[in-house]
Amino acid sequence: MRPILLQGHERSLTQIKYNREGDLLFSVSKDHVVNAWFSHNGERLGTYEGHIGAVWTVDVNSSSTLLVSGSADNTAKLWDVSNGKCLKSWEFNTAVRCVQFSEDDKLVLLVTEPRMGFPATLQIFNVENGVTETVSSEPVYNFNPEGPKITAAAWGALNRYIIAGRENGSVALIDPKTGECVSTNKVHELTLTDLQMSSDRTYFITASKDKSAKILETESLEVLKSYTTDTPLNSAAIMPKHQEFVVVGGGQEAMDVTTTSSRQGKFECRFWHKILEEEVGRVRGHFGPINTIAIHPDGRSFASGGEDGYVRVHHFDDDFFTFKFQI
Amino acid sequence: MAVSATNWADEVDGEDQPQTFTDANGITTTIEYRTNEDGKKVKVTRRTQKKLIHDVVNKAVAARKKWPKFGKEKGNRPGPDPATTNVGDNIKLKLSSTGDVVQDVDEKHEAMKAQLQNKKILCRICKGDHFTTKCPYKDSLGMEDAAAAPAAAAEEAAPEEQQSGSKYIAPHMRAGASGTKGGDRDSIREKRDEQPTLRVTNLSEDVTEADVSELFKRFGHISRVFLARDRETNACKGFAFVSFTMREDAQRALEAIDGRGYDNLILRVEWAR
């Protein structure tokens with residue numbers, strides 16, 4: 001397959017996300033830029049301008065009308081996807097590390113990090129009519145979660161829980177109405193770097209710097225599967241269709257990069273069989289550690305964003321779909 | 001009559017018309033002529049194949065495709081912009097059920113490797129089949145081997161190389177460079193004195209440094225010759241110090257010259273203290 005290289009960022013990528021149909025890919029980076037791309041050919045649709053700090057996180061609602069981004073400039077911004085207009089800018093005391101729309105698009109979850117005496121907060125805003133009306137500046141819920149810093153967060157199914165991954169490698173279930181931590185499970189030795197839900201949100205995958213990725217069940221936080229690699233992982237994603245795979249990626253900074261080809265780097269996205277916990281393949285190409293991976297909802301392509309500032313969009317060849325794992 | 005720089009025949013635009021033709025397979029070939037920055041005429045042949053792909057998509061997706069561009073892309077035409085979007089090299093994702101994950105193979109790299117395979121790459125340091133510069137034991141064996149290699153076989157080519165002085169060897173890499181091996185010894189000064197040095201005694205009065213080095217250089221590369229001279233008369237005091245680069249050379253010189261006659265005197269050679 002020929003990857004499409006998207007060069008819209010000058011600094012390392014922090015997160016990429018597909019919209020629900022998968023035709024749009026959003027990428028954010030430390031260079032303050034939020035980009036929107038058409039995923040089938042890599043054509044850039046536009047940029048959302050306004051952030052003055054590194055943008056850590058982005059999410060789009062299921063109708064692709066609203067986009068939310070969280071940044072190190074202590075703001076989270078709500079954008080109109082179609083024209084790049086900033087509809088709302090929420091101000092906080094510290095940087096926003098995670099944002100996510102709820103499944104019904106009514107709520108947005110925001111996590112800010114603790115810094116300089118300000119505690120971490122977990123805030124939920126109502127954005128139900130975000131396109132037509134001005135969104136409120138007051139959160140629906142505002143909690144100060146205790147414990148180690150939250151590095152990744154996501155909504156559970158039906159908004160029953162919020163799943164939060166922490167700096168000490170544990171995962172917590174938080175009740176969104178009360179903010180209390182319902183249960184915790186220490187699954188990793190080092191900080192959690194990414195947390196992505198399955199398509200029905202009944203299970204999710206975590207990636208950690210302890211070189212492993214694990215699949216946990218949402219309600220019980222029980223570890224279902226474990227994938228151990230030889231490199232600290234920065235991101236992990238579950239293939240929604242066609243193949244029972246998970247894709248993980250990471251990489252160590254200080255690795256000596258010997259150039260085999262000047263156009264291709266050696267940092268790889270690794271494909272693992274989800275059930276059998278065996279590695280099945282690798283896709284190399286990034287010149288720096290892979291920071292974020294996203295899989296197209298139709299399972300026919302995926303994208304990876306790296307420390308090198310490139311987003312690589314890969315459309316799988318036909319033989320990808322006919323592969324059968326021989327036991 | 002001045003000779004013009006360009007051929008007058010070229011100035012007639014016979015063949016310089018850009019052409020476009022399409023062949024049976026639907027491949028459009030466009031030929032155009034340009035002058036590049038060196039002033040040379042360049043023929044550019046472009047072969048394009050256009051394929052129309054029909055895709056059934058969601059209505060919303062189709063609607064989004066028609067959105068005008070905004071932000072940094074404002075005012076740009078539809079279609080990917082080469083400044084932001086490029087196609088990379090072909091990568092094969094080889095899925096395998098076995099434990100060993102086959103790395104994606106870079107064709108050119110493999111071709112080069114195959115080519116070199118016939119030529120028997122031998123690392124000078126550890127004799128493995130990789131280039132010396134890529135040797136994994138470069139640091140540990142590299143220094144030792146600089147000393148060990150000539151000693152490994154007495155009749156090796158290496159000593160000749162040393163004698164002919166073809167390669168400069170940095171002091172810390174020469175024989176007897178114990179600074180790296182033996183932990184932290186101090187200063188270069190001491191390292192220099194660690195060099196294998198012989199004391200030659202019972203030299204006749206009119207021997208010169210040149211004579212001494214002539215005599216000893218056949219055993220190996222000499223780094224220093226010191227001939228003791230009388231201060232007033234400048235005559236040789238009867239002894240000299242010869243520092244070799246390689247300890248083995250010094251050893252052989254000692255065995256050969258000790259007890260040998262030179263200018264009517266029997267020379268004595270010992271290790272200098």
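**Figure 1. Antiparallel pairing of strand 6 and strand 7 in chain B of the predicted model.** Strand 7 covers residues 236-244 of chain B, and 6 bridges join this strand to strand 6 of chain B in the antiparallel sense. Two bridge positions can be picked out by residue. Arg229(B) has Cys236(B) of strand 7 of chain B as its bridge partner, and Leu227(B) stands opposite Ala240(B), which also belongs to strand 7 of chain B. The connection between strand 6 and strand 7 of chain B is a hairpin with 6 residues between the strands. Within the turn, Asn234(B) has a positive phi of about 65°.

**Figure 2. The open sheet of chain B that contains this hairpin.** The sheet has 4 strands in the order 6-7-5-10, with antiparallel pairing. Strand 6 (222-229) and strand 10 (268-271) of chain B are at the edges; each has a single partner strand, so one side of each lacks a neighbour in the sheet. On average, neighbouring strands of this sheet are turned by 20° against each other, direction ignored.

**Figure 3. Helix 8 and helix 9 of chain B against the sheet.** Helix 8, residues 209-216 of chain B, lies across strand 5 (197-201), strand 6, strand 7 and strand 10 of chain B. Helix 8 runs at about 140° to strand 6 of chain B. Helix 9, residues 247-257 of chain B, also packs on the sheet and touches strand 5, strand 7 and strand 10 of chain B. The direction of helix 9 makes about 150° with that of strand 10 of chain B.

**Figure 4. The salt bridge between Glu73(B) and Lys69(B).** The N to O distance between the two side chains is 3.8 Å. Glu73(B) is buried, with a relative accessible area of 1%. Lys69(B) is likewise buried, and its relative accessible area is 13%. The structure holds 26 salt bridges over all chains, and the pair shown here is one of them.

**Figure 5. The salt bridge between Asp59(A) and Lys17(A).** The side chains meet at 3.5 Å, N to O. Asp59(A) lies in strand 6 (residues 55-60) of chain A and Lys17(A) in strand 2 (residues 13-18) of chain A, so the salt bridge ties together parts that are 42 residues apart in sequence. Asp59(A) is buried, at a relative accessible area of 8%. Lys17(A) has 19% relative accessibility and counts as buried because the cut-off for that class is under 20%.

**Figure 6. A loop-to-loop salt bridge in chain A, formed by Lys274(A) and Glu244(A).** The closest N and O atoms of this pair are 3.1 Å apart. Lys274(A) sits in the loop between strand 24 (267-273) and strand 25 (279-286) of chain A, and Glu244(A) in the loop between strand 22 (233-238) and strand 23 (245-250) of chain A, so the contact ties together parts that are 30 residues apart in sequence. Lys274(A) is buried, with a relative accessible area of 8%, whereas Glu244(A) counts as partly exposed at 39% relative accessibility.

**Figure 7. A network of salt bridges in chain A.** The residues linked in the network are Asp230(A), Glu268(A), Arg270(A), Glu279(A), Arg282(A) and Arg284(A).

**Figure 8. An open sheet of 4 strands in chain A.** The strand order is 18-19-20-21, and the pairing is antiparallel. Strand 18 (192-197) and strand 21 (223-228) of chain A are the edge strands, each pairing on one side only. Neighbouring strands of this sheet are turned by 15° against each other on average, direction ignored. Strand 19 (residues 203-208) and strand 20 (residues 212-217) of chain A pair in the antiparallel sense over 5 bridges. Thr206(A) stands opposite Lys214(A) in strand 20 of chain A. In a regular strand, side chains alternate between the two faces of the sheet.

**Figure 9. Chain A as the setting for the views of its sheet and salt bridges.** The secondary structure of chain A comes to 1 helix and 28 strands. Chain A has 327 residues, of which 62% count as buried. Of the contacts in chain A with a separation of 6 or more, 43% are between residues 24 or more positions apart. The accessible surface of chain A comes to about 12400 Å², and 46% of this area belongs to carbon and sulfur atoms.

Methods. Residues are numbered from 1 along each chain as its sequence is written. Chains are lettered from A and ligands numbered from 1 in the order in which they are written. This is a predicted model: local features need pLDDT of at least 70, side-chain atom pairs count only at pLDDT 80 or more; totals for chains, interfaces and linings use all residues. Side-chain values use heavy atoms; hydrogens and water are left out. Helices (H or I, at least four residues) and strands (E, at least two) are DSSP runs, numbered from the N terminus. Buried means under 20% relative accessible area, exposed over 50%, partly exposed in between (1.4 Å probe, protein chains only). Contact means heavy atoms within 4.5 Å. Accessible areas come from the Shrake-Rupley method with a 1.4 Å probe; for residues, only the protein chains shown count as cover. Two strands pair if DSSP finds at least two bridges between them. Axes are lines fitted to C-alpha atoms, for helices over the stretch in contact, and angles run from 0 to 180 degrees between N-to-C directions. A salt bridge is a side-chain nitrogen of Lys or Arg within 4 Å of a carboxyl oxygen of Asp or Glu.
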